[in-house]
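Student: I have a model open on my screen and would like to reason through it with you. Shall we take it piece by piece?

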Amino acid sequence: MQLPPIIPTTDRATGYATIAAQWKALLQDETDAIAAMANFSALLKHTFNWHWVGFYRVLGEELVLGPFQGPVACVRIGKGKGVCGTAWAEDRTVVVPDVDLFPGHIACSPHSRSEIVVPCCGRSGVVVAVLDVDSSELDDFTSLDARMLETLCEALIPLFA
Ligand code: SME
């Protein structure tokens, strides 16, 4: 299979427009959620040059580190803990302009300054994973990122058991 090229950009709107087509191509005939999450992490990381992009999967009563791109990260996060655990518990996208001002933020890297976490639901509508994106810039995420990342993550729904 000819993989679509990843084109780095600082323009969010352009980047998301490009990603949408690449993501569709990557998902064609793909049925494995882990493989899809891995490629999606790479696509986002290398398009926008974010510090860390990856997934945590819901396994029992905690989130467990899944496919990601970036420095090593903490492996397990409890429900309601940190930004990821909050997005899971409240089933909503959480945008954090300054991680130092988020009570209970779990600092995996001193380079993470802002972040966005998007809950991903399976076919039953229950949260089965979260997408976590960390930026080394303060206040790097807007409602555009929230909307676009939520839409892109919806493509994973049929792949989740
Ligand atoms: N930022 C997360 C922890 C995971 S790392 O950033 C990869 C949080 O507070 O939930």
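Tutor: Happy to! Keep in mind that this is a predicted model. Let's start with Phe141.

Student: Is Phe141 buried or exposed?

Tutor: A residue counts as buried when its relative accessible area is under 20%. The relative accessible area of Phe141 is 5%, so this residue is buried.

Student: Which element or loop holds Phe141?

Tutor: Phe141 has contacts beyond its sequence neighbours, including Trp50, Val95, Ile116 and Val133. Even so, Phe141 sits in neither a helix nor a strand here: its place is the loop between β6 and α4.

Student: What is the order of the strands in the open sheet?

Tutor: The sheet has six strands, with antiparallel pairing. β3 (76-78) and β4 (94-96) each have a single partner strand, so they stand at the edges. From one strand to the next, the twist averages 25°. Read across, the order is β3-β2-β1-β6-β5-β4.

Student: Which residue of β2 stands opposite Val53?

Tutor: Strand β1 (residues 52-59) and strand β2 (residues 62-69) run antiparallel and are joined by six bridges. Opposite Val53 in β2 you will find Gln69.

Student: What span should α4 have at 1.5 Å a residue, and how far apart are its end C-alpha atoms?

Tutor: Helix α4 (residues 143-154) lies across β5 and β6. With 12 residues at 1.5 Å each, counting one less than the number of residues, α4 should span 16 Å. That agrees with the separation of its end C-alpha atoms, which is 17 Å.

Student: Within what arc do the buried residues of α4 fall?

Tutor: The buried residues are Asp145, Ala146, Leu149, Leu152 and Cys153. An α-helix has 3.6 residues a turn, so residues three or four places apart point the same way. The buried residues of α4 line one face of the helix, because seen down its axis they fall within an arc of 140°.

Student: Which elements do those buried residues of α4 pack against?

Tutor: Leu149 gives a good example, since its contacts away from its sequence neighbours include Tyr16, Leu44, Ile116 and Leu131. Taken together, the buried residues of α4 pack against α1, α2, β5 and β6.

Student: Which element gives the most to the largest nonpolar core?

Tutor: That core has 29 residues, and Trp23, Phe40 and Leu149 are among those with the most contacts inside it. At least two residues each come from α1, α2, β1, β5, β6 and α4. With seven residues, the element that gives the most is α2.

How values were computed
Residues numbered from 1 in each chain as written. Predicted model: local features only at pLDDT ≥ 70, side-chain atom pairs only at ≥ 80, totals over all residues. Heavy atoms only, no water. Pairing = 2+ DSSP bridges. Helix = DSSP H or I, 4+ residues; strand = E, 2+ residues; numbered from the N terminus. Axes fitted to C-alpha atoms, helices over the stretch in contact; angles between N-to-C directions. Contact = heavy atoms within 4.5 Å. Core = buried A, V, L, I, M, F, W, Y, C linked by side-chain atoms within 4.5 Å. Buried < 20%, exposed > 50% of the residue type's maximum accessible area, 1.4 Å probe, protein only. Arc of directions from axis to C-beta.
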